[in-house]
Structure formats: C-alpha cells, structure tokens
Amino acid sequence: TNPSRNPGRYLPVDSVNWNDAQEFCARLSWILGVRARLPTEAEHRLALGTAGPGEVRSSAGGGAVGATDNARPNANGYRDLLGNLAEWLEAPADATRAPLMGGSTLDSPEALAAVIREERPKTDRARHFGFRIVVELPADR
C-alpha cells in the first residue's frame with residue numbers, strides 16, 4: 001500500500017520510515033529478480049554532483065511536496081535530490097539509526113545548499129521523509 005499523505009502518480013512516496021523503505025526494496029527485488037536497495041551516502045553525493053541553486057526545490061516553510069516530473073534534472077540526470085523529500089539511505093541492519101539526506105520542502109534554500117544530512121531512528125516517519133532506490137543490474141544487461 002502507499003502510505004503517502006499526498007498520493008499521486010508523479011508524487012514521491014512520503015510518510016515512510018526506514019523499515020518501510022527496506023520492505024519495499026525487498027519486495028521489488030523479488031519481483032525484478034535483481035537486488036533493489038537504498039542508496040549509500042556516497043552514491044547520493046555522487047548523484048548530487050555539484051548542484052547549483054536552481055537545482056534546489058524548497059518552499060521554505062510552505063512544505064508542499066512537488067511532482068517529480070516537474071523538477072529540472074541536475075547535470076547528472078537526477079531530480080529532486082535537494083529539497084523535495086529528505087531521503088533514507090542505506091544503514092547497517094543492526095543499527096537503530098539511519099541517515100537521511102537532501103533536506104525537504106521544510107528547509108530553507110540556504111540550509112539545502114549545505115546538503116543536509118541527519119541521522120534519525122529507523123522507526124521515525126514523517127510527511128517529509130521519502131526514499132529512492134538503486135537497482136543493481138547484472139553487467140551483461
């Protein structure tokens with residue numbers, strides 16, 4: 001089921017905790033027959049590249065989540081890495097906390113420019129938390 005407070009075809013899934021994101025990845029891995037997982041912090045930073053001010057989405061207190069098809073892709077081809085939803089990242093299974101990166105629409109453009117990274121309990125759930133996935137394809141595909 002989609003737990004989002006604002007479900008929509010082009011809206012990111014929000015209101016998920018780290019465990020929800022892991023469960024989604026496990027189910028998607030089973031369906032696809034290849035591993036799907038949360039990105040590492042290094043992968044997130046690599047995708048982010050050198051984001052400029054025009055690549056930040058923030059309503060600075062308005063809190064409105066934007067549709068992912070409206071955002072301009074960054075130089076690396078990714079959208080909404082800063083400022084739409086804070087995104088859960090990979091963490092050790094036995095850890096009680098996991099990193100979130102990218103900030104959300106609740107953060108100011110100045111705060112987002114610093115590339116917000118925080119650690120939260122894996123059970124935390126909020127309207128401004130989401131995730132993206134990495135699908136590991138075999139080299140021969």
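**Exercise 1. Which residues in helix 2 (residues 41–48) are buried?**

Task: find the buried side of helix 2 and say what covers that side.

Before starting, note that this is a predicted model: local features need pLDDT of at least 70, side-chain atom pairs count only at pLDDT 80 or more, and totals for chains, interfaces and linings use all residues. Residues are numbered from 1 along each chain as its sequence is written, and side-chain values use heavy atoms, with hydrogens and water left out.

Step 1. Get the terms straight. Buried means under 20% relative accessible area, exposed means over 50%, and partly exposed is in between (1.4 Å probe, protein chains only). Helices (H or I, at least four residues) and strands (E, at least two) are DSSP runs, numbered from the N terminus.

Step 2. Pick out the buried residues: in helix 2 these are His44, Ala47 and Leu48. Looking down the axis of helix 2, you'd see its buried residues fall within an arc of 100°, so they line one face of the helix. That arc is taken from the directions from the helix axis to the C-beta atoms. The general rule helps here: an α-helix has 3.6 residues a turn, so residues three or four places apart point the same way.

Step 3. Check the other side of helix 2, where Ala42 and Leu46 are exposed.

Step 4. Find the cover. Strand 2 (86–88) and strand 3 (97–101) are among what covers the buried residues of helix 2. Helix 2 lies across strand 2, strand 3 and strand 4, and runs at about 0° to strand 3. For that angle, axes are lines fitted to C-alpha atoms, for helices over the stretch in contact (heavy atoms within 4.5 Å), and angles run from 0 to 180 degrees between N-to-C directions.

Step 5. Step off the end: just after helix 2, Gly49 takes a positive phi of about 60°.

**Exercise 2. What is the strand order in the open sheet of 4 strands?**

Task: lay out the sheet, then trace the bridge partners of Leu100.

Step 1. Write down the order, which is 4-3-2-5, with mixed pairing. Two strands pair if DSSP finds at least two bridges between them.

Step 2. Mark the edges. Strand 4 (117–121) and strand 5 (129–130) each pair on one side only, making them the edge strands.

Step 3. Add the pairings. Strand 3 and strand 4 are antiparallel, with 5 bridges; strand 2 and strand 3 also run antiparallel, joined by 2 bridges.

Step 4. Follow Leu100. In strand 3, Leu100 is the bridge partner of Trp88, while in strand 4 Glu118 is the bridge partner of Leu100. Ala98 stands opposite Arg120 in strand 4.

Step 5. See how covered strand 3 is: 4 of its 5 residues are buried.

**Exercise 3. Which residues touch the most other members of the largest nonpolar core?**

Task: list them, then see which elements contribute to the core.

Step 1. Define the core: a set of buried Ala, Val, Leu, Ile, Met, Phe, Trp, Tyr and Cys residues joined through side-chain atoms within 4.5 Å.

Step 2. Name the hubs. Of its 13 residues, Trp18, Leu38, Trp88, Ala98, Leu100, Phe129 and Phe131 touch the most other members.

Step 3. Sort by element. Helix 1 (18–32), strand 2 and strand 3 each give two or more residues to this core, with helix 1 giving the most, at 3 residues.

Step 4. Don't miss the other core, which lies apart from this one: it has 7 residues, including Ala47, Leu81, Leu89 and Val115.

**Exercise 4. Are Ser15, Ser104 and Val115 buried or exposed?**

Task: give the accessibility of each one and place it in the chain.

Step 1. Ser15 sits in the segment before helix 1. Ser15 is buried at 7% relative accessible area, and its phi is near 65°, a positive value in a residue other than glycine.

Step 2. Ser104 is in the loop between strand 3 and helix 3. Ser104 is buried too, with a relative accessible area of 0%. Skipping neighbours within four places in sequence, Ser104 is in contact with Gly83, Asn84, Leu85, Ala86, Leu112 and His128.

Step 3. Val115 belongs to the loop between helix 3 and strand 4. Val115 counts as buried at 18% relative accessibility, and has a positive phi of about 55° although it is not a glycine.
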